[in-house]
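Please read the explanation below with the sequence and the structure side by side. It goes from a single residue to the core and then to the packing of helices.

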Amino acid sequence: MGISPRTLQLAYTGHEQITIYNIIKKMDFLIVIPILAGWISGWVVNYLADVLPVTRQFSHPACPKCGQNFPIAVYLAFRPCPNCHQRRPARVWFVQVIMLIANIYIWFKSPFGIFHFHPPYRLEYILGTILLTYFAMVFVIDFEHRLILHPTSIFGALLGLGLGLWINGIIPTLIGGLAGIVIMSVFYYFGVLFSRLRARRMQTAGQDADDEEALGFGDVILAGVLGLILGPFIWIGLLLGILLGGLAGVLMVFYLMIAKRYKTQALMVFMPYGPFFITSAFLILFIPTWIAPFIPK
Ligand SMILES: [Zn+2]
């Protein structure tokens, strides 16, 4: 058996040295792929978040203020409306930057690590990008409109089913999906009870009751979709999502108390839960190292 100089070097140093040179050597020109894909994925998320809640179809993007169609070049460059000079929301830049960073991240660090799922070369990155785009779209639309649209849920269910079957096989996928729906349905019905109670209290307080729901049925469907993908990890996903939502709720109450608006607005403030479930699924799938100690072997 011959020993190569490389083996000798590794035996000598014990590990490959982490130097700037080694990092740059690995960052070859292929990095343009996640940069381009990240930017395009940001465009897709922004476009879908602009048109789907308004027209429910892949329509031409129009100015929300004056209704005039955007010229494509103006739209893609995030320029203000040429007709009424209405500026684009800050969200478009947030989405572009976050999708860019996330794509570069998953290019170097594969998603799905928690499942030890490693499909053929770079397919893992492509699946990760598609999933990330779907997550970002649901997040933005639910955050801005408190709405989880049926067409996006159907797309998510197909994506989740396909991914789940591949990653976990049929039984864990179906159990995960079912568990997501059942667990969230329980919360949903508690939410309905709470809304009735709240409507009564608001009427007693002389405020007009609205038909605000603590938890929408879209959240139940979303939990099912995430269950298909996460399989046996769905309970961690839901628990973490509820904890994150609760934490945000506590911060919100603190803010209202500091702003001395607690009495009038405590019952008025509702947060969509979808973004928190998306965030927890993202953490489990894309940044799994933090969660490993909590998983029963
Ligand atoms: Zn306009």
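Ile40 lies in helix α3. In this predicted model, Ile40 has 14 C-beta neighbours inside 10 Å, and it therefore counts as partly exposed; a buried residue would need 20 or more, and an exposed one would have 12 or fewer. Ile40 can also be placed relative to Leu76, a residue 36 positions away along the chain. The C-alpha atoms of Ile40 and Leu76 are 9.9 Å apart.

Helix α3, which spans residues 32-55, is also one of the elements that give two or more residues to the largest nonpolar core. That core has 47 residues. Besides α3, the elements contributing at this level are α5 (91-108), α6 (123-145), α7 (150-168), α8, α9, α10 (234-258) and α12 (274-286). The biggest share comes from α6, with eleven residues. The residues with the most contacts inside the core are Phe135, Ala136, Met137, Val138, Leu226, Phe277 and Ala281. Ala281 can be followed further: leaving aside residues up to four places away in sequence, Ala281 touches Phe135, Leu226, Ile229, Leu230 and Gly237.

The next topic is how some of these helices pack. Two packed helices are described by the angle between their axes and the distance between the axes. Take α8 (residues 170-204) and α9 (residues 217-230): their axes come within 7 Å and cross at roughly 155 degrees. Because of that angle, α8 is roughly antiparallel to α9, the cut-off for this term being over 145 degrees. The crossing of α8 and α9 is right-handed. On the α8 side, the residues that meet α9 are Thr173, Gly176, Gly177, Ala179, Gly180, Ile181, Ile183, Met184, Ser185 and Tyr188. Their counterparts in α9 are Phe217, Asp219, Val220, Ala223, Gly224, Leu226, Gly227, Leu228 and Leu230. Sorted by class, this contact of α8 with α9 holds eleven nonpolar, seven polar and one charged residues.

Helix α8 also packs against α10, at an angle of about 30 degrees and with the axes 9 Å apart. The crossing of α8 and α10 is right-handed. From α8, the contact uses Gly176, Ala179, Gly180, Ile183 and Met184, while α10 supplies Ile234, Trp235 and Leu238. Six of the residues in the contact of α8 with α10 are nonpolar, two are polar and none is charged.

Note on methods:
Residues are numbered from 1 along each chain as its sequence is written. This is a predicted model: local features need pLDDT of at least 70, side-chain atom pairs count only at pLDDT 80 or more; totals for chains, interfaces and linings use all residues. Axes are lines fitted to C-alpha atoms, for helices over the stretch in contact, and angles run from 0 to 180 degrees between N-to-C directions. Helices (H or I, at least four residues) and strands (E, at least two) are DSSP runs, numbered from the N terminus. Angles under 35 degrees count as roughly parallel, over 145 as roughly antiparallel, 65 to 115 as roughly perpendicular and the rest as oblique. A crossing is left-handed if the near helix is turned anticlockwise from the far one by less than a right angle, and right-handed if clockwise. Two residues are in contact if their C-beta atoms, placed from the backbone, lie within 7 Å. Ala, Val, Leu, Ile, Met, Phe, Trp, Tyr, Cys and Pro count as nonpolar, Asp, Glu, Lys and Arg as charged, and the others, Gly among them, as polar. A nonpolar core is a set of buried Ala, Val, Leu, Ile, Met, Phe, Trp, Tyr and Cys residues joined through C-beta atoms within 7 Å.
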